[in-house]
Each structure stands twice: as structure tokens, then as C-alpha cells.
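Student: Hi! I have a protein structure to look at, and I would like to learn how to read its features. Could you take me through it step by step?

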Amino acid sequence: RENWMWGNYDAALDGYATISRIIGDPAERKLAKTRHEWLSPYRGHIIFADDMEDDTVSTAARWSVHPGAPETGLGNFVRVREEDNYLLEGRDHYHAFANIKDTVLPEEFEVHLRFRSKSSENDGAHINIMMDDKEGRTTIGLYMAGKELSLWEEKHGRETRAVESKQFGPQWHTLRAIVEGTQVRLFLDDKLTLNYASPRSRLFLNGFNLETLSGVIQFDDVLIFSRMPPDRR
């Protein structure tokens, strides 16, 4: 548990392999087996992973929750349980920053997660791949009102935008962002939706956060990893 909480993922995987075989508690064995199957293909490349199953969003080891601007009102991010699954729920304008253990600047990486809208057709969220202060950030926008998936880049106060309309519904959706050099590809429900070439000289990961804008949106199974050789994908 300590290795998982503090981002020592390879050590946690070793522990889960043992737990899934010998620990007597069925629930603990099941969780260990599920996590081991989920993350084993990414061993040695995992930057951040959270399935929300056994720690709270307020736990400093996992997420830092920052309120939005005062004029937006107060929202929140909370860990909630629905049926047999835990997930992260954001309400109104709020931020949850992933606490990544080490400073990593990979130029080729992937972000995987699941999301769904829970309130109305006016929901919105950003998934922010943070750069440094000088370089700005890359934002994946999910706008339920417009049923729109977009990708924004911000650099020195300038913004470029690539937009693709996509039908969103109340069901769970999967999102996969692949960054290779200056190329960004977005897959929604395993279908390539945006293929974008950045004008920057490079892209890199210096931080990651979830930001809800309006309504209620839920997130689950967040995974970030550095890109692997083709034969390991």
C-alpha cells in the first residue's frame, strides 16, 4: 500500500503479485490482481496511476485539490462510490492536481482515463498537461453542451486550437492522449478523433491536473506513462 500511495509503482506491482496469491482476504486479493493486470504492461514506464479504489482525494500522496477563482463559486473534488467502484467526482470550477513523485520531462508519453457526465448537457471539463511557466500548457477540453472534444495549446499568452465535434452521452467514455515529439493524437472510445501537429519545438510533461468547469463530471482509472518501444505497446 505504501509503495502504491507514494508512486513506487514497480515495487507495488511486485507486492500485488504476491498478495494476489497468498493473502487471505478476498477483497484485498481481488484489488491486487486487478491492479497487477492493469499496470503490468507498463512496468518501468509508469508516471502516475490511480484507480481511486482505496484512498481519498484529500490524501496528499495522490492529489492536491485547489479551488477555482473566487468569482466562479466553490466546487469540489471528492472520491465517491458507485456500486462496487470508486471514482473521482468534480463539481463546478475546481482542480485536482496529480502529485507525481519525481520531476519527469518525457517528450513521448500517454494519458489514459475514463470520464462521464452526471448532471446536465451543460457540463465541461479540462484535462491539463502542464508545461513550465515559460511554455504554458496543453488542454484537452470536454464540453458536454457542445458535445465537443478540443485541444488547446497556450504559450506566452497565445493559443492555438483544434476542435472536433463528437457525440457525448451519459455513459462512460475512454480518453487516450498520445504525445510523440510534437504530435498529439486523441482517441475517444478507441477511435482517433484529433491528430494535431504542434508548432512548438517540443512538448513535454511537467504536471497534470483535472479541472471541471461546470456541472458534475466523474473520472476514473487515470494512467500516465512514458512511451515504450513498439513491441511493448
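Tutor: Gladly! Let's start with a term: a polar contact is a pair of N or O atoms within 3.5 Å, where, within protein, one must be able to donate a hydrogen and the other to accept it. Keep in mind that this is a predicted model. Now take Gln218: a polar contact of 2.9 Å joins its side chain to that of Glu89.

Student: Which other side chain is joined to that of Gln218 by a polar contact?

Tutor: That of Glu82, and the contact is 3.0 Å. You will find Gln218 in strand β15, which covers residues 216-226.

Student: Is Gln218 buried or exposed?

Tutor: The general idea is a cut-off: buried means under 20% relative accessible area, and exposed means over 50%. Gln218 has a relative accessible area of 0%, so it is buried.

Student: Let me try the idea of polar contacts elsewhere. Which side chain is joined to that of Asp50 by a polar contact?

Tutor: The side chain of Trp63, with a contact of 2.8 Å. The side chain of Asp50 also has a polar atom 2.9 Å from the backbone nitrogen of Met52. Asp50 belongs to strand β1, and its relative accessible area is 1%, so Asp50 is buried.

Student: Next, aromatic rings. How do I describe a pair of them?

Tutor: For a pair of aromatic rings, you give the distance of the centres and the angle of the planes. A search of the whole structure finds 5 aromatic pairs here. In one of them, the ring centres of Trp4 and Tyr9 are 5.8 Å apart and the planes are at 85°, so this pair is edge-to-face.

Student: Which angle cut-off does that step use?

Tutor: Planes over 60 degrees apart count as edge-to-face. Trp4 and Tyr9 are both buried, and together with Tyr16 they form one aromatic cluster.

Student: Which residues lie over the face of Trp4?

Tutor: Arg35 does, at 3.9 Å from the ring centre. Arg62 lies over the face of Trp4 as well, at 5.3 Å from the ring centre.

Student: Now pockets, please. What is the volume of the largest pocket?

Tutor: About 610 Å³. A useful next step is to look at the lining: of the 19 residues that line the largest pocket, Ala27, Lys30, Leu31, Thr34 and Glu53 are the closest to its centre.

Student: Which element supplies the largest share of that lining?

Tutor: Helix α3, with 8 residues. At least two residues of the lining come from each of α2 (9-22), α3 (26-39) and β4 (85-91).

Student: How many of the lining residues are nonpolar, polar and charged?

Tutor: The lining of the largest pocket has 7 nonpolar, 2 polar and 10 charged residues.

Student: You mentioned β4. Can we look at a residue in that strand?

Tutor: Sure, try Gly90, which is found in strand β4. Its relative accessible area is 0%, so Gly90 is buried. You can also compare position along the chain with position in space: Gly90 and Val78 are 12 residues apart along the chain, and their C-alpha atoms are separated by 6.7 Å.

Student: What is the C-alpha separation of His45 and Phe109?

Tutor: It is 9.2 Å, for two residues that are 64 residues apart along the chain. His45 sits in the loop between α3 and β1 (46-50). With a relative accessible area of 18%, His45 still counts as buried, because the cut-off is under 20%.

Student: And how far apart are Gln171 and Phe115 in sequence and in space?

Tutor: They are 56 residues apart in sequence and 8.5 Å apart in space, C-alpha to C-alpha. Gln171 is placed in the loop between β10 (158-165) and β11 (173-180), and at 43% relative accessibility Gln171 counts as partly exposed.

Student: One last feature: the backbone angle phi. What is its value in Asp189?

Tutor: Phi of Asp189 is near 50°, which is a positive value in a residue other than glycine. Asp189 is in the loop between β12 (183-188) and β13 (191-197), and it is partly exposed, with a relative accessible area of 31%. Asp221 is not a glycine either, and it has a positive phi of about 50°. Asp221 lies in strand β15 and is partly exposed, at 25% relative accessibility.

How values were computed: Residues are numbered from 1 along each chain as its sequence is written. This is a predicted model: local features need pLDDT of at least 70, side-chain atom pairs count only at pLDDT 80 or more; totals for chains, interfaces and linings use all residues. Side-chain values use heavy atoms; hydrogens and water are left out. Rings of Phe, Tyr and Trp (its six-membered ring) pair if their centres lie within 6.5 Å; planes under 30 degrees apart count as stacked, over 60 as edge-to-face and the rest as tilted. Buried means under 20% relative accessible area, exposed over 50%, partly exposed in between (1.4 Å probe, protein chains only). A charge sits over a ring if NZ of Lys or CZ of Arg is within 6 Å of the ring centre and within 35 degrees of the ring normal. On a 1 Å grid over the protein atoms alone, a cavity is a set of points where a 1.4 Å probe fits but cannot get out, and a pocket is an open set with protein on both sides within 12 Å along at least five of seven lines; lining residues have an atom within 4 Å of a point. Grid points are joined across faces, edges and corners, and a volume is the space filled by probe spheres set on the points. Helices (H or I, at least four residues) and strands (E, at least two) are DSSP runs, numbered from the N terminus. Ala, Val, Leu, Ile, Met, Phe, Trp, Tyr, Cys and Pro count as nonpolar, Asp, Glu, Lys and Arg as charged, and the others, Gly among them, as polar.
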